[in-house]
Amino acid sequence: MTTAERTAPLDAPDAPDALAVPAARAPGCPFDPAPGVARAVHEEPVTRATLWDGSACWLVTRHQDVRQVLGDQRFSADAHLPGFPFLTAGGREILSGGTTFIRQDDPEHARLRRMLTADFMVKKVEAMRPEVQRLADELIDRMTDGRTSADLVTDFALPLPSLVICLLLGVPYEDHGYFQERSRILLSLRSTAEEVRTAQLELVAYLTRLAESKRERPDDGIVSRLVARGELSFAEIATMGRLLLVAGHETTANMTALSTLALLRNPDQLARLRAEPSLVKGAVEELLRYLTIVHNGVPRVATEDVEVGGRTIRAGEGVLCTINTANRDEDVFPGGEALDVTRDARRHVAFGFGVHQCLGQPLARVELQIAVETLIRRLPGLRLDIPFEDVAFRSDMAIYGVHSLPVAW
Amino acid sequence: MRIHADQEKCCGAGSCVLAAPDVFDQREEDGIVVVLDAEPPAALHDAVREAAAICPAAAISVSD
């Protein structure tokens, strides 16, 4: 590995260039965006930043500007275009597993995405509530059986969305160790290009075999239905399956664990939710806004010169939309640095914005609402089992959260 | 109020259904937006404006 392939020094406190990205959060403020990036919202909302390999890109930090860029198809999501900003050397290797629609533009993006939209539509996902609730209750039963403490990540927050996405895709949950480990490598900002390439190939090979097996033994999972549709090759189905599997794993898992921690750190908000469980739906939107686990910026590259926030972004220049600062933008969310479970947070952009906005968001919402409500109801004495200062946050991962969350009840 | 939803632009994220379930739905086969009531009563106008504001694909427009 050459020096250039190493990832940025993620833990470096107070780096001299505050706008080297990914930027480090301030010590003691694990829920808040990195200070340099947060300052840019007021001082220079569309500003230059330096990436790990020394290349430059634009940071777009305000709510209105983030929505403008992500909603404007003159900003391409195609990672093959020159100027596309990668956060790490490994990030570029994501392309080695085949191109997914999140890194394509319309009309190809829309064609592929529309093969899946029916599976994640609100009505379909709402109908899964009883099943998700049953899984959540079983996990809590098992976690609390003869015990008074556990790691909330491994015993509840991760298995819940894993079980659900496996069920939806038709992937055997018994294999979860295999794809969770590879998923972790793909999402680690510290993984080398080689590690990412290997994990990609292994996952795609696994899913190709699975797709082939569905030809003989079809079920009603998404992989099987894509096979039956006959429009995609096994390799294309595997690539799409990998995207859904990885995206379905760590996002909701980390939102669940981090939300729990944020509520434990804000006991007044937790008490409010306990007293009034009907607030849970709104509280989940507020937690999505406040925590914004896609924390390093959503990448795009301009295909034409476009003016954003008074600056001209030239064709071929890369852009990172920092949606965590957009979700703290005081113009849209007054007092946005505080967690307020009664806030109307629906205009948050935690799922992104534009035609690439998260396909799985109705599912994520149902899972999070059930996870938060179940934890509050079943574990009235829930508390953190280690000092808050000892919690290991995921600054080194593409999806923010906690590596583990020891809790007791 | 009159609502227009562009099914070509729609990306099936479902935000409108969550914001205004009495006014918007999704097609069974592909999750694309369907308008249930193109001229909704005044009591639903705020919810419809919210749906238009949060639509990620800017597929919903409203005229008065």
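Over all its chains, this structure holds 38 salt bridges. Keep in mind that you're looking at a predicted model. Let's take a few of those bridges one by one, then look at where the two chains meet.

**Salt bridges inside chain A**

Start with Arg92(A) and Asp53(A), whose side chains meet in a salt bridge at 3.9 Å, N to O. Where do these two sit? Arg92(A) belongs to helix H3 (residues 89-93) of chain A, while Asp53(A) is in the loop between strand E1 (46-50) and strand E2 (56-60), so the pair ties together parts that are 39 residues apart in sequence. Arg92(A) is partly exposed, with a relative accessible area of 41%, and Asp53(A) also counts as partly exposed, at 37%.

Now move to helix H6 (residues 129-144) of chain A, which contains both Arg134(A) and Glu138(A). These two are 4 residues apart, about one turn of the helix, and their side chains form a salt bridge at 2.5 Å, N to O. Buried or partly exposed: which is Arg134(A)? With 39% relative accessibility, Arg134(A) counts as partly exposed. Glu138(A) counts as partly exposed too, at 32%.

Helix H6 has another bridge to show you. Asp141(A) pairs up with Arg378(A), and their closest N and O atoms are 2.6 Å apart. Asp141(A) lies in helix H6 and Arg378(A) in helix H16, so this salt bridge ties together parts of chain A that are 237 residues apart in sequence. Asp141(A) is partly exposed, at 41% relative accessible area; Arg378(A) is partly exposed as well, at 28%. The pair doesn't stand alone, either: salt bridges that share partners join Asp137(A), Asp141(A), Glu373(A), Arg377(A) and Arg378(A) into one network.

Here are those three pairs side by side:

| Salt bridge | N to O distance |
|---|---|
| Arg92(A) and Asp53(A) | 3.9 Å |
| Arg134(A) and Glu138(A) | 2.5 Å |
| Asp141(A) and Arg378(A) | 2.6 Å |

**Helix H16 and a buried serine**

Helix H16 of chain A runs over residues 361-378, 18 residues in total. From its first C-alpha to its last, H16(A) reaches 25 Å, close to the 26 Å expected at 1.5 Å a residue. How many of its 18 residues are buried? The count is 15, so you can call H16(A) mostly covered.

For a single buried residue, try Ser259(A), which has its place in helix H12 (residues 234-265) of chain A. Ser259(A) counts as buried because its relative accessible area is 1%, and the cut-off for buried is under 20%. Leaving out residues up to four places away in sequence, Ser259(A) touches Asn254(A), Leu287(A) and Leu291(A).

**Where the chains meet**

The contact between the chains takes 26 residues from chain B and 18 residues from chain A. Together the two chains bury about 1800 Å², 48% of it on carbon and sulfur atoms.

Across this interface there are 3 salt bridges. One pairs Glu28(B) with Lys123(A), at 3.6 Å from N to O. The interface also has 10 residue pairs in polar contact. On the side of chain B that touches chain A, the elements giving two or more residues are helix H1 (15-19), strand E2 (24-26) and helix H2 (45-54). H1(B) gives the most, with 4 residues. By class, that side of chain B has 12 nonpolar, 6 polar and 8 charged residues.

Methods: Residues numbered from 1 in each chain as written. Chains lettered and ligands numbered in written order. Predicted model: local features only at pLDDT ≥ 70, side-chain atom pairs only at ≥ 80, totals over all residues. Heavy atoms only, no water. Contact = heavy atoms within 4.5 Å. Buried area = accessible area lost by both parts, 1.4 Å probe. Salt bridge = Lys/Arg side-chain N within 4 Å of Asp/Glu carboxyl O. Polar contact = N/O pair within 3.5 Å; in protein donor to acceptor, adjacent residues only side chain to side chain. Nonpolar A, V, L, I, M, F, W, Y, C, P; charged D, E, K, R; others polar. Expected span 1.5 Å × (residues − 1). Buried < 20%, exposed > 50% of the residue type's maximum accessible area, 1.4 Å probe, protein only.
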